[in-house]
Amino acid sequence: MRKFILVAAIMMATTCAFAQHAPGSLTLQPRIGFSAADFNNTDDTKARVGMVVGPEFEYTFSNRFSLGMGINYSQQGAELDKLDVKYKMDYITVPIVANFYVVKGLALKAGIQPGYNINSKMEIKGSKDVDFSDDVKAFDFSIPVGLSYEFYNFVLDARYTFGLTKMFDEDKIKLDSKNLAFQLTLGYKFTLF
């Protein structure tokens with residue numbers, strides 16, 4: 001009996017490891033990871049490290065192509081070393097990403113990502129955080145590109161997002177900056193149908 005259970009467990013694990021998501025299937029993937037974000041067009045900033053978390057749905061059209069859509073909470077911003085200032089800007093992002101599977105489990109990704117600023121604070125060393133939400137545009141639009149690898153339904157995903165919209169209200173802050181972010185996440189795919 002023990003041998004039978006062991007053989008069945010090995011067969012199930014092997015099937016899960018090498019199963020290709022069938023065309024017409026929909027998966028749900030909760031993801032969590034870190035984000036290293038910065039502003040472009042600036043020389044005196046460095047990346048703010050934060051987290052990114054959220055679910056992503058993926059519909060498989062064929063063995064080579066699928067389309068994913070998610071909703072994420074993403075901590076972005078930047079740090080000014082010389083002034084001990086940290087811009088803490090949090091977004092709800094909606095990535096819509098095409099996945100091109102080059103080999104089994106390995107996908108190249110590209111898409112669009114609207115985002116909505118939900119929090120903007122400036123942390124100045126030695127004082128309270130200053131809310132500057134009124135100076136930041138509420139809507140952000142980015143292009144995410146990257147790759148992912150799936151094994152045993154676990155998905156390691158690396159993306160870089162290039163902001164296309166200016167972050168700041170030009171009448172209030174004279175910075176011509178856009179968001180840039182590198183995100184590395186780990187997720188697990190559940191087949192819904």
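Here a biologist questions a modeller about a predicted model of one protein chain.

Biologist: How do you know how confident the predictor is in the protein chain?
Modeller: By pLDDT, which runs from 0 to 100. The protein chain averages 87, and 87% of the residues score at least 70.

Biologist: What makes residues 11-19 stand out?
Modeller: Their pLDDT stays under 50. The model has five contacts there beyond four places in sequence.

Biologist: What makes up the secondary structure of the protein chain?
Modeller: One helix and 12 strands. Along the sequence, the helix comes before the strands.

Biologist: How do you know what share of the contacts joins residues 24 or more positions apart?
Modeller: Take the contacts in the protein chain with a separation of 6 or more. Residues 24 or more positions apart account for 61% of them. Each contact means heavy atoms within 4.5 Å.

Biologist: How much of the protein chain is buried, and what does the chain expose?
Modeller: Of its 193 residues, 41% count as buried. The chain exposes about 10600 Å², and carbon and sulfur atoms supply 67% of that area.

Biologist: Why is G77 called buried?
Modeller: The cut-off is under 20% relative accessible area. G77 has 0%, so G77 is buried. Its place is in strand β4, residues 72-80.

Biologist: What does G77 touch?
Modeller: Leaving out residues up to four places away in sequence, G77 touches A37, D38, F39, R48, Y87 and M89. Two of these names return in an aromatic cluster: F39 and Y87 join F132 and F168 there.

Biologist: What makes two rings an aromatic pair, and how many pairs are there?
Modeller: Their centres must lie within 6.5 Å. A search of the whole structure finds 14 such pairs.

Biologist: How far apart are G77 and K88?
Modeller: They are 11 residues apart in sequence. In space, C-alpha to C-alpha, they are 5.1 Å apart. K88 lies in strand β5, residues 85-93.

Biologist: Why is the link between the side chains of K88 and D129 called a polar contact?
Modeller: The limit for a pair of N or O atoms is within 3.5 Å. The K88 and D129 side chains come to 3.2 Å, so the pair falls inside the limit. K88 also touches other residues, including R48, Q76 and N119.

Biologist: How do you know that β2 and β3 pair?
Modeller: Pairing needs at least two bridges. Strand β2, residues 45-60, has five bridges to β3, so they pair. They run antiparallel. E58 stands opposite G68 in β3. A hairpin joins the two strands through four residues.

Biologist: Which strand does M69 of β3 face across a bridge?
Modeller: Strand β6, where I96 stands opposite M69. Five bridges join β3 to β6, residues 96-103, and the two run antiparallel.

Biologist: What makes the side chains of β3 alternate?
Modeller: Look at residues 65-70. S66, G68 and G70 point to one face and are buried. F65, L67 and M69 point to the other face and are not buried.

Biologist: How do you know that β11 pairs with both β1 and β10?
Modeller: At least two bridges are needed. Nine join β1, residues 26-39, to β11, residues 179-188. Nine also join β10, residues 154-163, to β11. Each count meets the cut-off, so β11 pairs with β1 and with β10. Both pairings are antiparallel.

Biologist: Which residues mark these two pairings?
Modeller: G33 stands opposite T185 in β11. F154 has Y188 of β11 as its bridge partner.

Terms used
Residues numbered from 1 in each chain as written. Predicted model: local features only at pLDDT ≥ 70, side-chain atom pairs only at ≥ 80, totals over all residues. Heavy atoms only, no water. Buried < 20%, exposed > 50% of the residue type's maximum accessible area, 1.4 Å probe, protein only. Areas by Shrake-Rupley, 256 points an atom, 1.4 Å probe, with all protein chains shown as cover. Phe/Tyr/Trp six-rings, centres within 6.5 Å; stacked < 30°, edge-to-face > 60°. Polar contact = N/O pair within 3.5 Å; in protein donor to acceptor, adjacent residues only side chain to side chain.
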